[in-house]
Amino acid sequence: MSASTEGFDEADDGGRTLTSAESGALERAAEAALRPKSLADFVGQEVVREQLSLVLDAAKGRGRAPEHMLLSGPPGLGKTTLAMIIATELSVPLRITSGPAVQHAGDLAAILSALEEGEVLFIDEIHRLARPAEEMLYIAMEDFRVDVVVGKGVGATSIPLELPPFTVVGATTRAGLLPAPLRDRFGFTGHLDYYRAEELHRVVTRSAGQLAVEIEDEAAGEISSRSRGTPRIANRLLRRVRDWAQVRGDGRLDLDAARRALDVYEVDARGLDRLDRAVISALCKRFAGGPVGLSTLAVSVGEETETVETVVEPYLVREGFLTRTPRGRIATPLAWSHLGLAAPEPAQGATPPLGRF
Ligand SMILES: Nc1ncnc2c1ncn2[C@@H]1O[C@H](COP(=O)(O)OP(=O)(O)OP(=O)(O)O)[C@@H](O)[C@H]1O
Ligand SMILES: [Mg+2]
């Protein structure tokens, strides 16, 4: 992925709401209500959960602040949720900031110098910290010290200020963008991966309980299979199915309600939305399955090249609907069958397209 997804906001995502892994401002309150509060309540991600519980229990046993922790992984998989759980499990306050919110090193100095012993400082989107703030953070994390500059110009002096032990929890969707010196200062990195269907099933069932609605098992299964491995999307689809059941149905969240609601919202059985289908449909029907260049493909669905590349394609590639090759985009047999079309037979003697083997 290119660095051009920096500053990504909802206006850039092809107008998606339901299947976007990012969350909008209005959604935050709905999300907060569904956040698990303890590690035991956090569904799935067994590996990270076990690693984290060891780190936390050991620190608690020693009565010391645990080492700094980095949480990485795609949007909507639970990084912020885990940061909150870490503070709760340690019974300490959580201070929250983010890379883009820290414009100057002075902003970070103010945050750091206000920290009390044992507190957790959560820095979301830590890969977006400005360089001077990043450098100040290295020192604070390693030596528990911040150099405060007093005065201006030639008379300026830097006064070292001791900090009490604290724990930085950093979250990033782009671990690869973190400079090595910063990455090295974390004692533990938890990588969150997409959830398996049965894990999402548990997320949906749990969330329905939080929302005080009853959901049938098949309905939870249907929602989880359309949720792209992402709890945020699963919770969102659950809320839309609940709306449908309330307004068009009889209030019951059963399989029929789930299917009909998700059909209304054009989220198909594999979690593809209108734009995803438009892309594979153009690729198969107009370009005979490719290869076709990205910009030609984007124009044919009336979208920006960047939207197709950074918003639509990653999921299609991950799920095996499309492959990227040096000669262009190619539809896989899965794309053809998903559209209910027969994949064309390769011409006699033709070389197979790149990327299909
Ligand atoms: N393991 C989980 N169990 C139950 N619910 C979860 C889990 N992980 C995430 N969720 C739910 O998914 C939603 C999104 O999670 P969260 O905000 O923690 O994601 P994130 O990784 O911080 O995303 P972003 O990168 O966009 O900040 C929350 O409402 C949370 O309740
Ligand atoms: Mg988050």
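This is a short guided tour of the model, stop by stop, for use with your viewer.

**Before you start**

The model is predicted: local features need pLDDT of at least 70, side-chain atom pairs count only at pLDDT 80 or more, and totals for chains, interfaces and linings use all residues. Residues are numbered from 1 along each chain as its sequence is written, while chains are lettered from A and ligands numbered from 1 in the order in which they are written.

**Stop 1: the whole protein**

Show everything as a cartoon. You should find 14 helices and nine strands; these are DSSP runs numbered from the N terminus, with helices (H or I) of at least four residues and strands (E) of at least two. Along the principal axes, the C-alpha atoms fill a box of roughly 75 × 50 × 35 Å. Of the 357 residues, 36% count as buried, meaning that 20 or more other C-beta atoms lie within 10 Å of the residue's own (exposed is 12 or fewer, partly exposed is in between, and C-beta atoms are placed from the backbone).

Now colour by pLDDT, the predictor's confidence in each residue, from 0 to 100. The mean is 90, and 92% of the residues reach 70 or more. Among the elements, helix H1 (residues 27-34) has the lowest mean pLDDT, 85, and strand E6 (residues 167-172) the highest, 98. Select residues 1-12 as well: pLDDT is below 50 there, and beyond near neighbours in sequence this stretch has six contacts in the model. Two residues are in contact if their C-beta atoms, placed from the backbone, lie within 7 Å.

**Stop 2: the domains**

Give each domain a colour: domain 1 is 45-149 + 159-191, domain 2 is 197-264 and domain 3 is 274-338. These bounds come from an automatic or database domain assignment. The C-alpha centres of domain 2 and domain 3 lie 28 Å apart.

**Stop 3: around ligand 1**

Centre on ligand 1. Why does ligand 1 lie between two domains? Domain 1 and domain 2 both give residues to its shell, so ligand 1 lies between them. Of the 22 residues around ligand 1, Glu-31, Gly-78, Lys-79, Thr-80 and Thr-81 come nearest; a residue is near if its C-beta atom, placed from the backbone, lies within 6 Å. H1, helix H3 (79-90) and helix H9 (231-247) each supply at least two shell residues.

**Stop 4: helix H8**

Next, select helix H8 (residues 217-225), where the buried residues are Ala-219, Ala-220, Glu-222, Ile-223 and Ser-224. They pack against helix H7 (197-210), H9 and helix H10 (255-264).

**Stop 5: two arginines**

Finish with Arg-324 and Arg-329, which UniProt lists for "binding site" in an unreviewed entry. UniProt positions are in the numbering used here, feature names are shortened, and annotations may be inferred rather than shown by experiment.

Arg-324 lies in strand E8 (residues 322-325) and counts as partly exposed because it has 16 C-beta neighbours inside 10 Å. Leaving aside neighbours within four places in sequence, Arg-324 is in contact with Val-317 and Arg-329.

Is Arg-329 buried or exposed? Arg-329 counts as buried, with 27 C-beta neighbours inside 10 Å. Find this residue in strand E9 (residues 328-331). With neighbours within four places in sequence left aside, the contacts of Arg-329 include Leu-283, Gly-290, Pro-291 and Arg-324.
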